[in-house]
Amino acid sequence: MASIINSDYFKLRKNIALWLLPAASLVATVVTACFMMFVDSGAATVEGGEAVSSMDVFGFDPAGAFGAHAMFSITNLYAILAVVFSGLFISNEYASGTIAGALCIGKSRVQVYLSKLLTSSTMMLLVTLVSVLAFIGSFTVLYGFGDGSHFPGETLKIFGLQFLYHLCYAALACMLAFLIQNIVFSVSVGIFAVIISGVLTDILTAFDGFEVFAHALPNYYITRLSEHLNDPAFITQSVIASAVFIAVTTVIGSLAFSRKDIK
Amino acid sequence: MDKSIVKTAGLSKRYGERYAVENVSMEIRRGQIYGLIGQNGAGKTTFIRMLTGLISPTAGGIELFGESGAGLGRARARVGSIVETPSLFPNMTAACNIETQRRLAGLPAGTDTDAMLRLCGIAGTANKKVRDFSLGMRQRLALAISLITGPEFLVLDEPINGLDPKGIVENREMLKSLAQGRGITILISSHILSELAQLATNYGIIHNGRLIKQLSAEELQAEGGQDLESYFMKATSESYARA
């Protein structure tokens with residue numbers, strides 16, 4: 001297993017995505033922060049003439065210490081990034097025959113699968129970290145750092161839970177890429193899954209008795225996290241739901257790959 | 001040391017009602033250059049894919065270096081292969097492709113990349129991106145990569161496809177030197193009989209998924225001085241007649 005991981009990390013270092021993806025997320029976060037400031041500056045009053053605070057516009061105090069909260073505004077963008085990167089990384093290896101090459105020298109299918117998942121996870125960790133730091137930095141520049149008393153705890157929670165959420169979709173994309181073995185189709189299905197799971201969460205929560213099924217979807221928690229950030233029970237449920245989602249997709253994907261003929 | 005590198009018993013692969021490979025029992029012994037001959041669609045690549053673990057057999061068994069079942073993974077670490085198209089990363093240089101394989105195989109650092117490239121006739125291309133390689137150069141690089149692990153058994157599926165005449169000759173000489181100089185056992189599949197006739201020590205003829213004949217180069221010589229092509233045509237005609 002160590003040798004496959006060693007090889008995959010070497011390939012990742014040579015892959016332009018290692019630099020492109022964090023750079024793109026850095027640009028996206030800075031642009032988002034600036035756009036949010038633009039919206040804030042244009043929303044000084046509402047109908048009736050009452051002043052609207054930045055807190056009302058953003059849902060959080062837009063100081064640097066709370067910058068990580070802005071991650072919730074573009075959460076699905078990163079889910080899509082996770083799907084696209086993981087899907088492309090794995091599908092390209094299928095197309096070039098290098099996954100087959102690893103199997104031919106006796107590497108086990110489960111090891112190959114887990115190594116690709118680990119590589120995708122590393123990329124998403126990097127992207128999440130860059131984005132959180134970029135939001136904190138951007139809001140510090142735009143609004144100042146603010147009250148930092150809750151900064152470490154809240155930022156760590158948001159970082160950890162956002163990373164888990166992105167990891168859910170990286171795991172889903174791995175499963176799809178190993179099953180479908182076609183770049184365009186697997187990435188398209190992955191993006192569709194990101195969109196549909198958000199819609200599905202909304203539909204399930206709208207009907208009595210169906211909300212419990214929504215609890216199985218990572219989207220249920222990430223869309224409610226900013227209101228429940230100080231609720232340990234909700235956070236625990238979120239972590240468990242994400243862990244189960246990742247475990248289920250990994251087990252399905254690796255089992256299916258173990259039985260699949262590589263043509 | 002195992003005398004037998006590969007043994008298959010009743011190896012079959014079925015897709016629906018159709019057998020791509022049917023009941024193939026064969027043995028490749030150490031030191032042989034085994035030419036697997038057949039027309040397009042005869043089942044050569046399907047057989048090789050089962051041997052290399054890319055597809056699972058529907059029936060029958062494979063023994064590689066005396067290992068079978070769960071031990072096949074261990075045994076495959078002693079095998080180098082090129083199955084159909086070379087497995088390369090097009091956006092990486094030749095040196096990086098070799099380095100990737102070295103790490104994948106868990107080998108210590110210090111591989112003489114230039115020596116491997118020289119051995120396979122593509123010296124001086126270490127820093128060239130694979131996407132800029134011709135098909136022949138890719139075949140050679142794939143061979144260099146498959147030799148990195150120091151395999152005892154080399155599986156080559158149609159390795160001379162896309163090679164120019166000079167490349168075919170160089171490939172033949174290289175494989176002979178690998179077999180004689182390094183003692184590597186080679187399984188080479190091809191439908192270009194004239195080339196196999198100059199290279200292989202043993203032949204297996206596969207037709208409609210079945211291994212219809214196995215013989216050595218000496219036995220072929222003893223068959224009234226027939227050349228490989230005539231023998232092949234006769235064997236496949238007899239197979240049609242029996243069917």
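This is a short walk through a predicted model with two chains, A and B.

Okay, let's take chain A first. The secondary structure there is 11 helices and zero strands, so reading from the N terminus you just get α after α, to the end. As for the overall build, chain A has a radius of gyration of 20 Å, close to the 18 Å that the globule rule gives for 263 residues, so it is as compact as a globular protein of that length. If you lay the C-alpha trace along its principal axes, chain A spans about 70 × 45 × 30 Å. Buried residues come to 41% of the 263 in this chain. And if you take the contacts in chain A with a separation of 6 or more, 79% of them are between residues 24 or more positions apart.

Now chain B. Here we have nine helices and nine strands. The radius of gyration of chain B is 18 Å, close to the 18 Å from the globule rule for 243 residues, so this chain too is as compact as a globular protein of its length. Its C-alpha trace spans about 55 × 40 × 35 Å along the principal axes. Of the 243 residues in chain B, 47% are buried. For contacts with a separation of 6 or more, residues 24 or more positions apart account for 69% in chain B.

Let me stay in chain B and show you a sheet. In what order do the strands of this open three-stranded sheet of chain B run? The order is S2-S1-S4, and the pairing is antiparallel. Strand S2 (18-29) and strand S4 (59-64) of chain B are at the edges with a single partner strand each, so one side of each has no neighbour in the sheet. On average, neighbouring strands here are turned by 15 degrees against each other, ignoring direction. As a reminder, strands of a sheet pair through backbone hydrogen bonds, either parallel or antiparallel. Strand S1 of chain B, residues 4-15, is joined to S4(B) by five bridges, and the two run antiparallel. If you want a spot to click on, Ala9(B) stands opposite Gly61(B) in S4(B). Then look for helix H1 of chain B, residues 44-51, which lies across S1, S2 and S4 of chain B and runs at about 65 degrees to S2(B).

Next, how the chains meet. In total, 27 residues of chain B are in contact with 20 residues of chain A. On the chain B side, helix H2 (72-76), strand S5 (79-82) and H3 each supply at least two residues. Which element of chain B gives the most to that side? That's H3(B), with five residues. By type, the residues on the chain B side divide into 13 nonpolar, 10 polar and four charged.

So let's finish on that helix. In H3 of chain B, residues 94-104, 10 of the 11 residues are buried, so the helix is largely enclosed by the rest of the structure. Among those buried residues are Glu99(B), Arg102(B) and Arg103(B), along with Cys96(B), Ile98(B) and Leu104(B). What covers them? The cover for the buried residues of H3(B) includes helix H1 (2-13) and helix H5 (98-104) of chain A, together with helix H4 (113-119) and helix H5 (135-147) of chain B. And just after H3(B), Gly106(B) has a positive phi of about 75 degrees.

Technical notes. Residues numbered from 1 in each chain as written. Chains lettered and ligands numbered in written order. Predicted model: local features only at pLDDT ≥ 70, side-chain atom pairs only at ≥ 80, totals over all residues. Helix = DSSP H or I, 4+ residues; strand = E, 2+ residues; numbered from the N terminus. Rg over C-alpha atoms; globule rule 2.2 N^0.38 Å. Buried ≥ 20, exposed ≤ 12 C-beta atoms within 10 Å, placed from the backbone. Contact = placed C-beta atoms within 7 Å. Nonpolar A, V, L, I, M, F, W, Y, C, P; charged D, E, K, R; others polar. Pairing = 2+ DSSP bridges. Axes fitted to C-alpha atoms, helices over the stretch in contact; angles between N-to-C directions.
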